[in-house]
Amino acid sequence: MLPAFYAIIIGRLTQGRSAIRIHDVFSAIKEINETLSLTNEPDKLVNAALDTFSQALKIECCWIQTISDRKSKKLTLAAERGFTPEIRSEVAALDLRHRFSESIIGAGTKIIIPDLSRDGLYGLPSFQKAGYRWMVAVPMMTYRPYGIFGAASRRKKSLDKNTADLVTVIAAMIAGGLSKAYLSSAARGPSPAAGKFSATVEV
């Protein structure tokens with residue numbers, strides 16, 4: 001059963017017209033909630049979350065970046081779906097000093113780009129080159145930021161506020177799952193896959 005918080009958010013998201021169908025909203029929230037409950041391993045968690053998100057909502061591109069080193073301002077591309085080699089290189093080169101990631105993690109704001117062909121602010125041309133029309137990227141946060149969750153699509157239907165809000169809700173769910181996974185990982189000790197997540201394990 002979903003927490004009351006998510007039920008309230010779902011109710012708001014399913015009001016009015018949206019680029020995402022009402023059934024898909026319910027399906028995505030439920031499936032991701034179930035997915036996050038199945039593992040306490042961060043690497044498996046982020047990959048399972050992206051698989052569920054992309055399949056449930058039929059969004060071709062999504063990714064998760066984690067804060068791998070706060071002191072040196074490093075971000076790690078933890079998982080992605082739908083990236084071209086150019087997008088992968090561009091996103092992997094981002095750190096916390098870049099305008100894009102600083103706006104999301106430093107300021108705690110979500111970035112919504114409804115038309116990538118008109119975006120000249122963040123300098124991420126590889127998404128448009130790959131044919132993606134819109135993008136939304138939001139912080140993964142609980143009591144502190146864990147990283148960035150982003151999505152992009154080639155859909156002709158315009159990005160709307162409800163879709164962006166849904167991405168924000170799912171980012172919060174993933175952050176909550178990562179928080180529990182980090183605590184569990186810290187209790188067990190380091191694992192071979194902990195490199196991309198280890199700097200964020202703070203208890």
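**Close-up views of a predicted model**

**Figure 1. R144 lies over the face of Y146.** The distance from R144 to the centre of the Y146 ring is 4.4 Å. The structure shown here, as in every figure below, is a predicted model. A second arginine is placed in a similar way over a tyrosine: the charged end of R154 sits over the ring of Y132. Here the distance to the ring centre is 4.2 Å. The residue Y132 returns in Figures 3 and 4, where its other neighbours are described.

**Figure 2. Helix α5 and the strands that its buried residues pack against.** Helix α5 covers residues 99-106. Which residues of this helix are buried? They are F100, S101, S103, I104 and I105. These buried residues pack against five strands: β1 (61-69), β2 (74-81), β3 (111-113), β4 (134-141) and β5 (145-153). After the helix comes G108. The phi angle of G108 is positive, with a value near 70 degrees.

**Figure 3. Aromatic pairs and a cluster of rings.** Searching the whole structure gives 6 aromatic pairs. One of them joins F100 and Y122 in an edge-to-face arrangement, with 5.8 Å from centre to centre and 80 degrees between the planes. Which parts of the chain does this pair link? F100 belongs to helix α5, while Y122 is in the loop between β3 and α6 (125-129). The two residues are 22 residues apart, and the pair links distant parts of the chain. Both F100 and Y122 are buried. Another pair, F127 with Y132, is tilted: the ring centres are 6.4 Å apart and the planes meet at 55 degrees. F127 and Y132 are also both buried. Together with W63 and F83, the residues F127 and Y132 form one aromatic cluster.

**Figure 4. The surroundings of S153 in strand β5.** Is S153 buried or exposed? The relative accessible area of S153 is 0%, so this serine counts as buried, for which the limit is under 20%. The side chain of S153 makes a polar contact with the side chain of E60, at 2.8 Å. The S153 side chain also reaches the backbone nitrogen of R155, at 3.0 Å. Leaving aside residues up to four places away in sequence, S153 touches E60, Y132, R133 and W134. E60 is thus both a residue that S153 touches and a polar partner of its side chain. Y132 is the tyrosine of Figure 1, the one with the charged end of R154 over its ring.

**Figure 5. The largest pocket and its lining.** Rolling a probe the size of a water molecule over the atoms shows where empty space is left. In this model the largest pocket holds about 230 Å³ of space. How many residues line the largest pocket? There are 11, and those nearest the pocket centre are L36, M173, G176, G177 and K180. Two helices, α2 (22-36) and α7 (161-188), each supply at least two residues of the lining. Helix α7 gives the most, with 5 residues.

**Figure 6. N40 and L183, a pair separated in sequence by 143 residues.** N40 lies in the loop between α2 and α3 (42-57). The relative accessibility of N40 is 40%, so this residue counts as partly exposed, the class between 20% and 50%. How far apart in space are N40 and L183? From C-alpha to C-alpha the distance is 8.9 Å.

Definitions and conventions:
Residues are numbered from 1 along each chain as its sequence is written. Side-chain values use heavy atoms; hydrogens and water are left out. Buried means under 20% relative accessible area, exposed over 50%, partly exposed in between (1.4 Å probe, protein chains only). Helices (H or I, at least four residues) and strands (E, at least two) are DSSP runs, numbered from the N terminus. Contact means heavy atoms within 4.5 Å. Rings of Phe, Tyr and Trp (its six-membered ring) pair if their centres lie within 6.5 Å; planes under 30 degrees apart count as stacked, over 60 as edge-to-face and the rest as tilted. A charge sits over a ring if NZ of Lys or CZ of Arg is within 6 Å of the ring centre and within 35 degrees of the ring normal. A polar contact is a pair of N or O atoms within 3.5 Å; within protein, one must be able to donate a hydrogen and the other to accept it, and residues adjacent in sequence count only if both atoms are side-chain atoms. On a 1 Å grid over the protein atoms alone, a cavity is a set of points where a 1.4 Å probe fits but cannot get out, and a pocket is an open set with protein on both sides within 12 Å along at least five of seven lines; lining residues have an atom within 4 Å of a point. Grid points are joined across faces, edges and corners, and a volume is the space filled by probe spheres set on the points.
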